[in-house]
Amino acid sequence: MGPITATAVIDFVTVVFVLATMLSMGLALTTDEILISLGQRWLMAKSLLVNLVLVPLLAFAFALAVPMETGHVVGLLLIAMAPGAPFGPKLAEISNSDVAFASGLMAVLGVVSVATIPITVALLMPGDVSADPLGIARIVVVTQLIPLVGGLGVKARFQSVATRLHPPIQRLSTVLLVLLIILLTLVYAGEMRQLVGTGTLFISVAVVGAALLLGYALGGPGKGTREVLATTTAARNVAIALLIATTSFRDPGVLTIIVAFGLLSLVISGPVASFWGRPGEA
């Protein structure tokens, strides 16, 4: 058995992180939350449009318009293609918005993206990048769909079990996220520094800001749903984007831009949600 490498550790932590995150998500959701979200058909259609089509196309437009390294282009596209951040309901809670809609939307995006991520990878990735959409589909099914549906099943049939399991699994997900960020920062510190001055960080901020505005504009007449769609759209699913990157793309630039984008989306979405949640903004 050969020595354990930093890359192998990152790969392992990423897989366990995604599994724990999606299982935790399923254990926290209820069938009613999903049905309520699906019942708002026009709002759900616009939510899917902005998350699955408009944000990936926006990132693709930037990739065409602005010269970037191939790894950075791939990373930007991957994070833009990955909707349904598991902390979407937390942002809705911070902003005093529609938490039930946020939870239902997160579940719907988690299921639908199993099909849309491989399709957008096949359609939007640069021609000189080798990508395996079917392999990516298998990864998403095994690590995102199965634990999510499994958690939903436990929640529906054994609510007391789900109530006991959710806190420790959620804590595990949080700990693994922090560990993963530390590992990626240590291993790819040089690549992180190289992002400064390339314009890539500015593009990431532009995509996050545009996603926030598009979500707010398409979130319907209600303030609560506008805020939910805004923050949910801006906060992409870093977990699944990192997993696809670590298993399908070995260019360090891919991981670097995903981590940078994820941090920027939190830095932008968190304070915005906090501002909306102030008593004077109700």
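This tour moves through the structure selection by selection, saying at each stop what is there.

The model is a predicted one, in which local features need pLDDT of at least 70 and side-chain atom pairs count only at pLDDT 80 or more, while totals for chains, interfaces and linings use all residues. Residues are numbered from 1 along each chain as its sequence is written, and side-chain values use heavy atoms, with hydrogens and water left out.

**Helix α11**

Begin by selecting residues 223–234, which make up helix α11; helices here are DSSP runs of H or I with at least four residues, numbered from the N terminus. The 12 residues should span 16 Å at 1.5 Å a residue, and the end C-alpha atoms, 17 Å apart, agree with that, the expected span being 1.5 Å times one less than the number of residues. Because 10 of the 12 residues are buried, α11 is largely enclosed by the rest of the structure, where buried means under 20% relative accessible area, exposed over 50%, and partly exposed in between, with a 1.4 Å probe and protein chains only. Among the buried residues are T225, R226, V228 and L229. To see what encloses them, add α3 (41–65), α5 (88–94), α6 (99–124), α10 (200–217) and α13 (252–276), against which the buried residues of α11 pack.

**The salt bridge in α11**

Stay in α11 and show the side chains of E227 and K223, which meet in a salt bridge at 2.3 Å, N to O; the term covers a side-chain nitrogen of Lys or Arg within 4 Å of a carboxyl oxygen of Asp or Glu. A search of the whole structure finds 1 salt bridge. The two residues lie 4 residues apart in the helix, about one turn. An α-helix has 3.6 residues a turn, so residues three or four places apart point the same way. E227 is buried, at 1% relative accessible area, whereas K223 is partly exposed, at 29%.

**The nonpolar core**

Next select L78 and I258, which touch the most other members of the largest nonpolar core, a set of 76 residues. Such a core consists of buried Ala, Val, Leu, Ile, Met, Phe, Trp, Tyr and Cys residues joined through side-chain atoms within 4.5 Å. Helix α6 gives the most to this core, with 11 residues. Around I258, leaving out residues up to four places away in sequence, the residues touched are G75, L78, I79, V238, A241, L242 and A245, a contact being heavy atoms within 4.5 Å.

**Helix α1 and helix α8**

Move to S24 in helix α1 (residues 6–28), which is buried, with a relative accessible area of 6%. Apart from its neighbours within four places in sequence, S24 is in contact with H166, I169 and Q170.

Then select helix α8 (residues 159–187), where I182 is found. At 45% relative accessibility, I182 counts as partly exposed, and with V178, L186 and V187 it forms a nonpolar patch on the surface, with about 360 Å² of accessible area together. T185 is also placed in α8 and is partly exposed, at 36%. A distance drawn between the C-alpha atoms of T185 and I36, 149 residues apart along the chain, gives 40 Å.

**The loop between α5 and α6**

Finish at N96, in the loop between α5 and α6. N96 counts as exposed, at 60% relative accessibility, and its phi is near 55°, a positive value in a residue other than glycine.

Technical notes. Patches are made of residues with over 30% relative accessible area and no salt bridge: like charges are joined within 9 Å, nonpolar side chains (Val, Leu, Ile, Met, Phe, Trp, Tyr) within 5 Å. Accessible areas come from the Shrake-Rupley method with a 1.4 Å probe; for residues, only the protein chains shown count as cover.
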